Amino acid sequence: MTLPLMDIHIHNKYSLDAKGSTEEVLKEASLKNLDFIAITNHVPPDPTWINKLRREVEGLRRRYELEVLVGAEIGIKDEKGGLFVDETYLKQLDFVLAADHILPGVPYRNSDGIYFSDPAVEDYTKEEIVEKWFNSVVGAIESRRVDAVAHLGWVLVQERIVAKPEEISLEYKEEIAEKAAENSVFIEVNASAQLPDEDFLRQCLRKGAKFVLGSDAHEPALVGELDWAIKILEKIGASKEDVATLEDVLKRVARRKSSI
Ligand SMILES: [Zn+2]
Ligand SMILES: [Zn+2]
């Protein structure tokens with residue numbers, strides 16, 4: 001299967017937990033023959049980095065013959081699918097990757113507004129937490145503010161393991177897949193977290209949700225490392241048509257920007 005070669009989940013020096021100049025990222029992507037990439041840093045509250053990164057990309061784009069989207073990975077903050085930044089912020093982005101980084105509706109004992117630790121998971125049953133997570137993901141998909149959802153199920157296995165991917169019910173997976181297809185929101189196949197799990201991806205395929213591929217690289221050498229994503233898509237029988245092209249992505253982004 002020849003897939004559109006993309007990496008739509010890349011961090012660089014603008015994320016506190018990542019390294020790599022913008023040129024190093026583009027160089028690596030070009031070495032790995034990617035057709036297009038999105039640089040999706042975690043979002044600091046001050047959006048000035050967006051224009052800095054955009055200027056760097058503009059200066060380099062021709063040298064590397066590569067389409068580069070200036071995006072961000074943004075946490076889903078509540079059970080309704082609200083995001084951690086406002087609409088003015090979102091409007092400046094070429095690609096919005098929504099991510100399950102906190103357990104929505106569960107109080108955290110430590111938080112500085114950006115990083116959260118020690119959630120009070122013992123106050124809830126597993127079913128309650130998974131239901132809150134499910135609502136938050138569906139809410140984000142239906143919000144018209146996101147282009148793709150990242151590494152579905154990630155937060156449920158962080159810090160305190162609430163539910164392993166195989167413990168999320170098939171009904172939830174099916175409904176998320178259906179909403180993603182209906183709203184033309186892409187499902188990220190995340191090669192480093194190896195998520196969503198195979199059953200989840202099969203539901204997405206069945207419901208007609210389109211996939212995008214992400215390495216979640218936090219250093220330049222890992223840009224375009226997509227082996228797991230490509231293998232699992234082959235395993236579930238996905239074809240080229242099930243994976244978003246650059247044109248699909250640009251269409252989706254234009255639609256989001258016009259609906260904000
Ligand atoms: Zn993430
Ligand atoms: Zn990430």
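A residue is called buried here when its relative accessible area is under 20%, exposed when that value is over 50%, and partly exposed in between. This report applies these terms to a predicted model, treating first its two zinc ions and then helix α2.

**The zinc sites**

The protein donors of the two ions are set out below.

| Zinc ion | Protein donors | Distance to the ion | Spacing along the chain |
|---|---|---|---|
| ligand 1 | E73 (OE), H101 (NE2), H151 (NE2) | 2.1 to 2.2 Å | E-x27-H-x49-H |
| ligand 2 | H9 (NE2), H11 (NE2), E73 (OE), D216 (OD) | 2.1 to 2.2 Å | H-x1-H-x61-E-x142-D |

E73 appears in both rows of the table. This residue bridges the zinc ion (ligand 1) and the zinc ion (ligand 2), and the two ions lie 3.6 Å apart. The pair E73 and H101 links distant parts of the chain: E73 belongs to strand β3, while H101 sits in the loop between β4 (95-99) and β5 (108-111), 28 residues apart. E73 has a relative accessibility of 2% and therefore counts as buried. H101, in contrast, counts as partly exposed because its relative accessibility is 26%.

Around the zinc ion (ligand 2), the 4 donor atoms subtend angles of 80 to 170°, and the arrangement is therefore irregular. A tetrahedral assignment would need all angles to lie between 85 and 135 degrees. Here too, distant parts of the chain are linked, by H11 and D216, which are 205 residues apart. H11 is found in the loop between β1 (6-10) and α1, and D216 in the loop between β9 (211-214) and α7 (227-235). Both of these residues, H11 and D216, are buried.

**Helix α2**

Helix α2 covers residues 48-64, a run of 17 residues. From its first C-alpha to its last it reaches 25 Å, close to the 24 Å expected at 1.5 Å a residue. The helix nevertheless bends by about 30° at E58.

The buried residues of α2 are W49, I50, L53, V57, L60 and Y64. Among the elements that cover these buried residues are two helices, α1 (22-31) and α3 (87-91), and two strands, β2 (36-42) and β3 (67-75). Strand β3 thus connects the two parts of this report, for it helps to cover the buried residues of α2 and also holds the bridging residue E73. After α2 comes E65, whose phi is positive, near 40°.

Note on methods. Residues numbered from 1 in each chain as written. Chains lettered and ligands numbered in written order. Predicted model: local features only at pLDDT ≥ 70, side-chain atom pairs only at ≥ 80, totals over all residues. Heavy atoms only, no water. Helix = DSSP H or I, 4+ residues; strand = E, 2+ residues; numbered from the N terminus. Expected span 1.5 Å × (residues − 1). Bend = angle between axes of the 7 residues up to and from the residue. Buried < 20%, exposed > 50% of the residue type's maximum accessible area, 1.4 Å probe, protein only. Contact = heavy atoms within 4.5 Å. Donors = N, O, S within 2.8 Å, 3.2 Å for Na, K, Ca; no water. Tetrahedral: all angles 85-135°; square planar, octahedral: opposite > 155°, others 65-115°.
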